[in-house]
Amino acid sequence: MFTKQLKKEVEPIIESIYNDPFIQGIIHGNLKKEAVKHYLKADSLYLNEFAKIYSLLIPKLDDRKGIQFLLGQIDFVMNGEVDAHYTLADYAGIDYKAVIEEGEWYPSSDHYIKHMYYNAYRYSDASFTICAMAPCPYVYQQLALKIAERNDLEGNPLKPWVDFYCTNMDELIGHLDRWVDEFSETASDEELNILRKNFVESCIHEKRFFNMSYNIETWEGY
Ligand SMILES: Cc1ncc(CN)c(N)n1
């Protein structure tokens, strides 16, 4: 399966994100509050765009089930994933609604968001965009499962964040994989390479997004 190969290829990237300070801060329950705040400011806007990009895929699909699935995902991104954000906001002792008002597309999130939009407008088949979007649920699921495996989260205020991404991603990932695997069966080598590159680059964007948050990256700090 094509998506299986992709997942194998990005294992070292996920391992390196796991060792980066943002995820280590989650593991040890001592992530600095400013990093959480910066993450929330960036991520609330990122998720808004993610929902909008799903909507751009709707005209690319013909099957009713696929369209219904995307509508469900738009709802999840807009209304469900906020639970994970509230866990972080409560941990940092901040007013979530007030904080996200100050959000911006900081350089690394800006790059990531535009990577997804480019593929949505550039290619008529949804698979190209899906490969750029799939690391969003996949990387978080893999990180959460890896953290949960340690079995040392009792009493960690960030445990609900880990639990959230351990449990809510399977169906979505299965759906995205099926779309891409089906397309890959008839795709040219050149198309396969673009799909692969999109997936790998988005995993790297995930790494940069966490580091952007940890390092409080802004446009002023060029
Ligand atoms: C940047 C980013 N990537 C992934 C996720 C998890 N859906 C997220 N909330 N934000």
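## Composition of the ligand shell

By class, the shell around the ligand comprises seven nonpolar, three charged and no polar residues; here Ala, Val, Leu, Ile, Met, Phe, Trp, Tyr, Cys and Pro count as nonpolar, Asp, Glu, Lys and Arg as charged, and the others, Gly among them, as polar. This is a predicted model, in which local features need pLDDT of at least 70 and side-chain atom pairs pLDDT 80 or more, whereas totals for chains, interfaces and linings use all residues. Residues are numbered from 1 along each chain as its sequence is written, and side-chain values use heavy atoms, with hydrogens and water left out.

The residues surrounding the ligand (a heavy atom within 4 Å of it) are Tyr-39, Asp-43, Tyr-46, Leu-47, Glu-81, Cys-136, Tyr-140, Tyr-165, Glu-206 and Phe-209. At least two shell residues come from each of α4, α10 (135-149) and α13 (189-214), and α4 gives the most, with four. Helices are DSSP runs of H or I with at least four residues, numbered from the N terminus.

## Polar atoms at the ligand

Polar side-chain atoms of two glutamates lie by nitrogen atoms of the ligand: Glu-81 at 2.7 Å and Glu-206 at 2.8 Å. For Tyr-140, the corresponding distance to a ligand nitrogen atom is 3.3 Å. Taken alone, the ligand exposes 290 Å², of which the protein buries 99% (Shrake-Rupley method, 1.4 Å probe).

## Surroundings of Leu-61

Leu-61 lies in the loop between α4 (33-57) and α5 (64-80). Leu-61 counts as buried because its relative accessibility is 12%, under the 20% limit (1.4 Å probe, protein chains only).

Beyond neighbours within four places in sequence, Leu-61 is in contact (heavy atoms within 4.5 Å) with Gly-66, Ile-67, Leu-70, Ala-126 and Trp-179. Ala-126 is 65 residues from Leu-61 along the chain, yet their C-alpha atoms are separated by 7.5 Å.

Definitions and conventions
Buried < 20%, exposed > 50% of the residue type's maximum accessible area, 1.4 Å probe, protein only. Polar contact = N/O pair within 3.5 Å; in protein donor to acceptor, adjacent residues only side chain to side chain.
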